[in-house]
Structure formats: C-alpha cells, structure tokens
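I set out to read this structure strand by strand and to record what I looked up. The entries follow the order in which I took up each topic.

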Amino acid sequence: TTPAAPCAAVHWAPSLGRPLDLVAAAHGSSVDVFSLQGDSSAPQAQLLATLAHDAVVHQVEWNMLGTCLGSATATNRLYVWKPDFVGEWQLVSVVQGVADVGGGEESDG
C-alpha cells in the first residue's frame, strides 16, 4: 500500500537470530510495521500492523532486542508498542512529554 503522507522515519529492529527483518516506517499519524524475508536483492515484504497515533509521528525506534517499538509524535507523546503472544500489536504505554524542556528563564535568586 502507498501511504497518504511521506515517510518521516524508518528503523530496522535488531535481528538477534530472527529469520526475518522487522521494519517500522512512520508516515503521517501512523506507523507501519513490516516483516522482510528472503534474498536481500528481492525481499518479500509483509505488512504486520498499522499503528494509529494522535498526531504526526516524527521518530520510531526499536529496543535493543527488537521486541518493543517506541514512536514519538508532534504532540510530545511517546508511544510504546509490543506484539502479544499471537502477533497482534498492542499499545503498552503512552507517556506525555514536557512541551518546553529547559526553555524557561533563569532567575537570579
């Protein structure tokens, strides 16, 4: 499928012996999770999930084991996703970030 918005971020999960690659691609307010298998010159891609967000996704990142996916949105939220035991992707946590970190004025005391 062709996403409606341009791809903003792509991240490969560490393989750690898996027979396939996992890839996350952010476009608009969604993240698509793909598996890639086969010869590197002509891999077979399969869409595993489309993960909906509240706003445009700017960054995606896998944990070091490739078992959890984090995504950051324009509303300063961090989403954490993980597949369940049958492979259905579940939202594990949403963390609201601070809009202005260290941007306040310093006082002289």
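Which residue in S7 is the bridge partner of Gly 70? I looked this up and found Val 80. I note at the outset that the model is a predicted one.

**Entry 1: the strands S6 and S7**

I placed the bridge of Gly 70 and Val 80 in its setting. Strand S6 covers residues 69–73 and is joined to S7 by 4 bridges, the two strands running antiparallel. I then looked for the sheet to which they belong. It is an open sheet of 4 strands in the order S5-S6-S7-S8, with antiparallel pairing. S5 and S8 occupy its edges and have a single partner strand each, so one side of each lacks a neighbour in the sheet. From one strand to the next, I recorded an average twist of 20 degrees.

**Entry 2: the whole chain**

I next surveyed the protein as a whole. It has 8 strands and 0 helices. Read from the N terminus, the order of elements is β-β-β-β-β-β-β-β. The protein has 109 residues, of which 28% are buried. I also looked up the contacts between residues at least 6 apart in sequence: 28% of them join residues at least 24 apart.

**Entry 3: strand S3 and its partners**

I turned to S3, which spans residues 30–37. Is this strand largely enclosed or largely open? I found 6 of its 8 residues to be buried, so the rest of the structure largely encloses S3.

I then listed its pairings. With strand S2, residues 21–27, S3 pairs in the antiparallel sense over 7 bridges. Within this pairing, Val 23 has Phe 34 of S3 as its bridge partner. The two strands make a hairpin with 2 residues between them, and Gly 28 in the turn shows a positive phi of about 60 degrees.

With strand S4, residues 44–52, S3 shares 8 bridges, and this pair also runs antiparallel. Here I noted Gln 46 of S4 as the bridge partner of Ser 35. The hairpin of S3 and S4 has 6 residues between the strands, and Gly 38 takes a positive phi near 100 degrees.

**Entry 4: the largest nonpolar core**

Which residues touch the most other members of the largest nonpolar core? The core has 16 residues, and I recorded Val 31, Leu 51, Val 60, Trp 62, Leu 69 and Trp 89 in that role. S2, S3, S4, S5 and strand S7 (77–83) each give two or more residues to this core. As general background, I note that nonpolar side chains in soluble globular proteins tend to be buried together.

I examined Val 31 further. Beyond its neighbours within four places in sequence, its contacts include Ala 24, Ala 49, Leu 51, Val 57, Val 60 and Leu 69. Also among them are His 53 and Ser 71.

**Entry 5: the aromatic pairs**

How many aromatic pairs does the structure hold? I found 2. In one of them, Trp 62 and Trp 89 have ring centres 5.8 Å apart and planes at 70 degrees; the pair is therefore edge-to-face. Trp 62 belongs to strand S5 (residues 57–62) and Trp 89 to strand S8 (residues 89–96), so this pair ties together parts 27 residues apart in sequence. Burial requires a relative accessible area under 20%. Trp 62, at 5%, is therefore buried, and so is Trp 89, at 13%.

Tyr 79 and Trp 81 form a stacked pair, with 6.2 Å from centre to centre and 10 degrees between the planes. I looked up their burial as well: Tyr 79 is buried at 7% relative accessibility, and Trp 81 is buried at 6%.

**Entry 6: the salt bridge**

My last search was for salt bridges, and the count is 1. Which side chains meet in it? They are those of Asp 54 and Arg 77, at 2.2 Å from N to O. The pair links distant parts of the chain, 23 residues apart: Asp 54 is in the loop between S4 and S5, and Arg 77 is in strand S7. I found Asp 54 partly exposed at 38% relative accessibility, and Arg 77 partly exposed at 29%.

Note on methods:
Residues are numbered from 1 along each chain as its sequence is written. This is a predicted model: local features need pLDDT of at least 70, side-chain atom pairs count only at pLDDT 80 or more; totals for chains, interfaces and linings use all residues. Side-chain values use heavy atoms; hydrogens and water are left out. Buried means under 20% relative accessible area, exposed over 50%, partly exposed in between (1.4 Å probe, protein chains only). Two strands pair if DSSP finds at least two bridges between them. Rings of Phe, Tyr and Trp (its six-membered ring) pair if their centres lie within 6.5 Å; planes under 30 degrees apart count as stacked, over 60 as edge-to-face and the rest as tilted. A nonpolar core is a set of buried Ala, Val, Leu, Ile, Met, Phe, Trp, Tyr and Cys residues joined through side-chain atoms within 4.5 Å. Contact means heavy atoms within 4.5 Å. Axes are lines fitted to C-alpha atoms, for helices over the stretch in contact, and angles run from 0 to 180 degrees between N-to-C directions. A salt bridge is a side-chain nitrogen of Lys or Arg within 4 Å of a carboxyl oxygen of Asp or Glu.
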